[in-house]
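Colleague: I am new to reading models like this one. Could we go through some of the words people use for them, and the reasons behind those words?

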Amino acid sequence: MPEPTKAPTPAARRKARHYAMQGLYQWQMAGANLGAIEAEFRTDNDMTHVDVDYFHELLHAVPQYLSEVESVFVPHLQGRSLEELDPVTLALLRLGSYELKYRVDVPYKVVINEAVSLAKKFGAAESHKFINGVLDHAANDVRAIEKSAR
């Protein structure tokens, strides 16, 4: 009898987001093929403790649903345009907005906290504050019921 599939741990999801953000950054900057980016990450990194299914989903779905994803956060850019955003901030806003819109199984606070954490690690000095504000406002739109229940 096969073993039941274990739910991914928060740490495995965190690592999936980490690699997905880096892959999206690479895709944005070089326009590289997503399959090639994924293969490179799977070859170059120890994926033992990574939710690889989630990594795959994020890496491929964000570009696939790009206009829908961007429509989640663009209204909350506080007068900035997409072109004014640095590549790390843009990748994180896309990633977080995808999760807010399409992964309602992930609490909105987790989505925001994970994006802020990655911004502190990889982003510009104060980008985490901007990302927090944009995603919090976006959550008001796409997760209004969840936010009002808290």
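Modeller: Gladly! Let's start with handedness: a crossing is right-handed if the near helix is turned clockwise from the far one by less than a right angle, and left-handed if anticlockwise. Please keep in mind that this is a predicted model.

Colleague: Which hand does the crossing of H5 and H6 have?

Modeller: The crossing of H5 and H6 is right-handed.

Colleague: What makes H5 roughly antiparallel to H6?

Modeller: The axes of helix H5 (residues 87-102) and helix H6 (residues 108-122) cross at roughly 165 degrees. Angles over 145 degrees count as roughly antiparallel, so H5 is roughly antiparallel to H6. The two axes come within 9 Å. On the H5 side, the contact is made by Val88, Leu92, Gly96, Glu99 and Leu100; H6 brings Tyr108, Val111, Ala115, Leu118, Ala119 and Phe122.

Colleague: And why is H1 called oblique to H2?

Modeller: Here the axes of H1 and H2 cross at roughly 140 degrees and come within 10 Å. To count as roughly antiparallel, an angle must be over 145 degrees, and roughly perpendicular covers 65 to 115. The H1 and H2 angle fits neither, so H1 is oblique to H2. Their crossing is right-handed. Among the residues making the contact are Tyr19 and Trp27 of H1 and Leu34 and Phe41 of H2.

Colleague: How many aromatic pairs are there in the whole structure?

Modeller: A search of the whole structure finds 5. One of them is Tyr19 with Phe55, an edge-to-face pair.

Colleague: Why is the pair of Tyr19 and Phe55 called edge-to-face?

Modeller: There are 80 degrees between the planes of Tyr19 and Phe55, and planes over 60 degrees apart count as edge-to-face, so the name fits. The ring centres are 6.5 Å apart. This pair links distant parts of the chain: Tyr19 is in helix H1 (residues 10-30) and Phe55 in helix H3 (residues 52-64), 36 residues apart.

Colleague: How do you know that Tyr19 and Phe55 are buried?

Modeller: Buried means under 20% relative accessible area. Tyr19 has 14% relative accessibility, so Tyr19 counts as buried. Phe55 has a relative accessible area of 0%, so Phe55 is buried too.

Colleague: What makes the pair of Phe41 and Phe55 tilted?

Modeller: The planes of Phe41 and Phe55 are 50 degrees apart, with 5.8 Å centre to centre. Stacked needs under 30 degrees and edge-to-face over 60, so this pair is tilted. Phe41 lies in helix H2 (residues 34-44) and Phe55 in helix H3, 14 residues apart. Together, Tyr19, Phe41 and Phe55 form one aromatic cluster.

Colleague: How do you know that Arg80 lies over the face of Phe130?

Modeller: Arg80 is at 4.1 Å from the ring centre of Phe130, and the distance limit is 6 Å. The charged end of Lys101 also sits over a ring, that of Tyr102, 5.7 Å from its centre.

Colleague: Why is Ala20 called buried?

Modeller: Ala20, in helix H1, has a relative accessible area of 0%, so Ala20 is buried. Ala20 touches Phe55, Leu58, Leu59 and Leu95, not counting residues up to four places away in sequence.

Colleague: Last one: what makes Glu70 buried?

Modeller: Glu70 has 13% relative accessibility. The limit is under 20%, so Glu70 counts as buried. Glu70 lies in helix H4 (residues 66-73) and touches Pro75, Leu82 and Arg94, not counting residues up to four places away in sequence.

Methods
Residues are numbered from 1 along each chain as its sequence is written. This is a predicted model: local features need pLDDT of at least 70, side-chain atom pairs count only at pLDDT 80 or more; totals for chains, interfaces and linings use all residues. Side-chain values use heavy atoms; hydrogens and water are left out. Rings of Phe, Tyr and Trp (its six-membered ring) pair if their centres lie within 6.5 Å; planes under 30 degrees apart count as stacked, over 60 as edge-to-face and the rest as tilted. Helices (H or I, at least four residues) and strands (E, at least two) are DSSP runs, numbered from the N terminus. Buried means under 20% relative accessible area, exposed over 50%, partly exposed in between (1.4 Å probe, protein chains only). A charge sits over a ring if NZ of Lys or CZ of Arg is within 6 Å of the ring centre and within 35 degrees of the ring normal. Axes are lines fitted to C-alpha atoms, for helices over the stretch in contact, and angles run from 0 to 180 degrees between N-to-C directions. Angles under 35 degrees count as roughly parallel, over 145 as roughly antiparallel, 65 to 115 as roughly perpendicular and the rest as oblique. Contact means heavy atoms within 4.5 Å.
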